[in-house]
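Subject: Structure for your review

Dear colleague,

Please find below the structure I agreed to pass on to you. A summary of what was found in it follows directly after.

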Amino acid sequence: MIDRRLVANFDWLLLALVLALGACGVANLYSAASSFHGGGTPVFLKQSYWIGLGVGVMMAVAVVGPQRLSTIAYPFYGLVVVLLIAVLFWGKVVGGSQRWLVLGPVVLQPSELARLAVVLMLATYFQRRDQSEPYRLLQLLPPLGLAFVPALLILKEPDLGTCLLVLIVAVSVILVNGVKLRDLAIASVGLILVLPVGWRFMKDYQKRRIFSFLDPESDPLGSAYHLIQSKIAVGSGQFTGKGFMAGTQTQLHFLPEQHTDFAFSVLAEEWGFMGAMVVLLLLAGIIYRGLSTAYRAKDRQGLLLVVGATALIFWPAIINVGMVLGLFPVVGIPLPFISYGGSSLITTMAALGLIQGVAMRRFVFHSRR
């Protein structure tokens, strides 16, 4: 039997924000893909199905709760690593990238699950260690190494954006535990020093994206095409937008990847600054509810899970919006709830389930280490 206090502490406002944002995403996809004439189920309908399934996943994760999830954290992490290795051998190749596993009727992107697996693994790792002092760099090598394993496998696909996202989320969770300032400074300097080495391992198209970000006019019909068309779409929306399904950049197909990575550009063109602000405020509301739950978490595990889950939404939103506005290089990160993608949406909803699970159990007393 479910404790009535669990239901009473369920964050209904968070659920309302998620559903409102999901509805904005479905409407935007209806316009973005309205002129596609391919067969099969329309994209906006498939996104609706994913949202419905995602709500079920969120509820299931919330009901299971953080304590029970910690018992499967390492097996889940191991399963995701196996799936990432399988992708490198038997993955489906699309656009030069090998990121998807075809499992019967389901097409799975294990790199999306990796973000969730790393959060669960790190929360369990630190929860089992009683340490009141800030961590030293040497003490952080094991959890960092565990985070690097899936990140490197994702980089091999190649998917630089998701690889960096996994590491950023991992660092967000680690920093919450506390790190000695001197060690943090050493790590920062070390990161800067290895950047030239990382550049040597980047693919040519990834380097061209960096150059195009710094100088979009250098290759307007090639590597900079996405960025230039996105900035035109966003800028042409002005304050109130051109109207639903009336965006010329979108409907005339000047804007590439308009239902995935550049879905926010479609929204900004058709609904203008006002529409974009509504979506950003809904995202900010979700992040605020996550941080509020983290502040009120009763134990270290709950705190780390919620911080990691909130980071899973915060960082993709920041990177995607910055990407379509030309503030960051194009790295192929979808905008949560707005961009089409089943694996991404289910992962995000599972992260929300972690937040709900901790919020529902905030009446339970645990010592906060």
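**Salt bridges**

Asp11 and Arg289 are joined by a salt bridge, with their closest N and O atoms 3.0 Å apart. Because Asp11 sits in the loop between α1 (4–8) and α2 (12–32) while Arg289 belongs to helix α12, this pair ties together parts that are 278 residues apart in sequence. Asp11 has a relative accessibility of 6% and therefore counts as buried. Please note that the model is a predicted one.

A second salt bridge links the side chains of Arg99 and Asp159, at 3.8 Å from N to O. Arg99 is part of strand β2 (residues 97–103) and Asp159 lies in the loop between α6 (137–155) and α7 (160–177), so the pair connects parts that are 60 residues apart in sequence. Both partners are buried: Arg99 counts as such at 17% relative accessibility, and Asp159 at 1%.

The salt bridge between Arg115 and Glu112, at 2.4 Å from N to O, lies within a single helix. Both residues belong to α5 (residues 110–127), where they are three residues apart, about one turn of the helix. With relative accessibilities of 5% for Arg115 and 4% for Glu112, each of the two counts as buried. In addition, Arg136, Arg182 and Asp183 form one network through salt bridges that share partners. Over the whole structure, the search finds six salt bridges.

**Helix α12**

The helix that contributes Arg289 also deserves a separate remark. Helix α12 covers residues 263–295, and its end C-alpha atoms are only 32 Å apart, whereas a straight helix of 33 residues would span 48 Å at 1.5 Å a residue. At Gly272, α12 bends by about 125 degrees.

**Overall fold**

The protein contains 14 helices and three strands. Its C-alpha trace spans about 60 × 50 × 40 Å along the principal axes. The radius of gyration is 21 Å, which agrees with the value near 21 Å for a compact globule of 369 residues. Buried residues account for 53% of the 369 residues. Of the contacts between residues at least 6 apart in sequence, 73% join residues at least 24 apart. The exposed area of the protein is about 17500 Å², and carbon and sulfur atoms supply 69% of it.

With kind regards

Key. Residues numbered from 1 in each chain as written. Predicted model: local features only at pLDDT ≥ 70, side-chain atom pairs only at ≥ 80, totals over all residues. Heavy atoms only, no water. Helix = DSSP H or I, 4+ residues; strand = E, 2+ residues; numbered from the N terminus. Expected span 1.5 Å × (residues − 1). Bend = angle between axes of the 7 residues up to and from the residue. Rg over C-alpha atoms; globule rule 2.2 N^0.38 Å. Buried < 20%, exposed > 50% of the residue type's maximum accessible area, 1.4 Å probe, protein only. Contact = heavy atoms within 4.5 Å. Areas by Shrake-Rupley, 256 points an atom, 1.4 Å probe, with all protein chains shown as cover. Salt bridge = Lys/Arg side-chain N within 4 Å of Asp/Glu carboxyl O.
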